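I opened the model today to look up two things, the pairing of some strands and the salt bridges, and I note below what I found for each.

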Amino acid sequence: MRIKFKGILSVFAIALFLFLISLTTNVKAAEASITCNSEVEVNKPITISVKGSGVQWNLKLIVDGKVIATSSELDNYESNKTISFSKEYTPTSTGTKEIKLEGSVTEYNDGSTITNFSSKKITVKEASKPAEEKEPKPTPQKGTVTLCKINGIKVNEYINIKNQNSVSVLVNTSTGEGFKIYNNLTKKTTTGKSGVNTNVAIAEGTNVLTITLDSGYSTTRNINSTKETVVEPNVIEEEPEEEIKVLLKSLAIKGVVSEEEEKIDLALTPEFSSEVYEYTLTIPPEQNDITKLDVEAIGAQEDFTIEITGNEELVDGENTVTILVKSKDGEKTATYKIIVVKQPKEVEAVAVAAPVETTQIPQEVEQELSIPKILIAVFTSIIAIAGIVFGVIEYRYSKNENGEFSSIPYANIGFDSENNENDKEDILGEFKEDNEKNEETESISKNDDEEEFEVLGEEEKKPKKRGKHF
């Protein structure tokens, strides 16, 4: 039993050993990965590395959609070989850039191929500004007082002042720095700036002014101040007279047609203003009857004198009205000018009919023309009478035996055999006389008589009686 148990343990140990070997082999299987910094600044280069293993590979390194490096090894080896290559990349814009591998890597042990690889993203930031180097603070220079003026007078040591409670002190320093002034009598300190007047209070006696610059330099000036009683003369100052401006207070213009009629208000352009001296005024054509202007001008003061010229006897076109304003003494004047444009009346165009020339017909010619007119009237009357007679005859002689009218072309007139021959001759005679009176009457042509048949029954036919055609 012990021997069998030992055998089982041996088999188990061998299996465990083989399993560990297989695990080790899988760790060294085909692979490829990307290594680089996750953040980078724009326009600064970074190195992107690719590492892995395989017996064969064909890889492309792509950044932001562009191929920046390739590595290919297609020979067969006895085992996996280490893959290692790198490329320097300089981003030119900010943002997130994707880095990835495309291609394949083949494993030696089982010939499997990997085509999917993990990618990497980097963030491109703005370039950081270099730290500003701090300049060392300069050592303050010790300045001096280059100039001191008291009440506008240059003072190197002292000055005498009468009847004043304060003085104006101006100090210029060589470094342009500020200063302080201390007065031993008033016990007050005043701060001042270089080149600027500073008011300092003083008291009666010797005022020692100590001027101390900010950098530490100090100097003094003395002011001997005394008080004296001054009797001021009793002088009454006259107030200066106000300057008198010669202006108009108001201005109104009305148009006058006649003295009896109502006056018409007219507008100035621009509107009246005391300090505007030129205006225009337009009188439209419908108000052309205005012959003069009623100008109402009121001065800014009651004692001003106003003279108006050019406002009467207005003519069509441009007229100038002048308003002269004078002061009481007549020394100061102001002139206002109004350009009056009077537009002429619109004249309506009246169409004049052109005279029609009439031609006088001489009396002799007129008498000659009246004769044909009479002939035409007679001829017309004859034709009318003939037409009436022709109609009556057609009505009487165009009936057939049945009392119906026959359709006879050209108004055929038929004579019955029973009619009297005298009637024939009378009728023909009347037509002949009419033809002889009018030479222009158309001649009556006689057409050959044509036999016309009248249906009496289905078989029986009877020739129609002959008649003459006119």
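**Strand pairing around β3**

I began with strand β1 (residues 31-35) and found that it runs antiparallel to β3, with five bridges joining the two. I keep in mind throughout that this is a predicted model. For a single point of contact between these strands I looked up A32, and it stands opposite G52 in β3.

I then turned to strand β6 (residues 81-89), which also runs antiparallel to β3 and is joined to it by nine bridges. Here I picked S49 as my example, and its bridge partner in β6 is S86.

Is β3 mostly covered or mostly open? I checked the strand over residues 46-54 and found that seven of its nine residues are buried, so that I record it as mostly covered, with buried taken as under 20% relative accessible area.

**Salt bridges**

How many salt bridges does a search of the whole structure find? The search returned eight, and I followed up several of these, noting the accessibility of both partners each time.

*K125 and E39.* I find a salt bridge between these two residues, with 3.0 Å between the closest N and O atoms. K125 belongs to strand β9 (residues 120-125) and E39 to strand β2 (residues 39-41), so this pair ties together parts that lie 86 residues apart in sequence. I then asked how accessible the partners are: K125 counts as partly exposed at 41% relative accessibility, and E39 is likewise partly exposed, its relative accessible area being 47%.

*E307 and K326.* In this salt bridge the closest N and O atoms are 3.5 Å apart. The pair links distant parts of the chain, since E307 sits in strand β23 (residues 305-309) and K326 in strand β24 (residues 317-326), with their positions 19 residues apart in the numbering. E307 is partly exposed at 37% relative accessibility, and K326, with a relative accessible area of 26%, is partly exposed as well.

*E102 and K100.* The side chains of these two residues also meet in a salt bridge, at 3.7 Å from N to O. I looked up the accessibility of both, and E102 counts as partly exposed at 36%, while K100 counts as partly exposed at 30%.

**Note to self**

For the entry on β3 I keep the two antiparallel partners together, β1 with five bridges and β6 with nine. For the salt bridges I keep the K125 and E39 pair as my example of a link between parts 86 residues apart in sequence.

Notes:
Residues are numbered from 1 along each chain as its sequence is written. This is a predicted model: local features need pLDDT of at least 70, side-chain atom pairs count only at pLDDT 80 or more; totals for chains, interfaces and linings use all residues. Side-chain values use heavy atoms; hydrogens and water are left out. A salt bridge is a side-chain nitrogen of Lys or Arg within 4 Å of a carboxyl oxygen of Asp or Glu. Helices (H or I, at least four residues) and strands (E, at least two) are DSSP runs, numbered from the N terminus. Buried means under 20% relative accessible area, exposed over 50%, partly exposed in between (1.4 Å probe, protein chains only). Two strands pair if DSSP finds at least two bridges between them.
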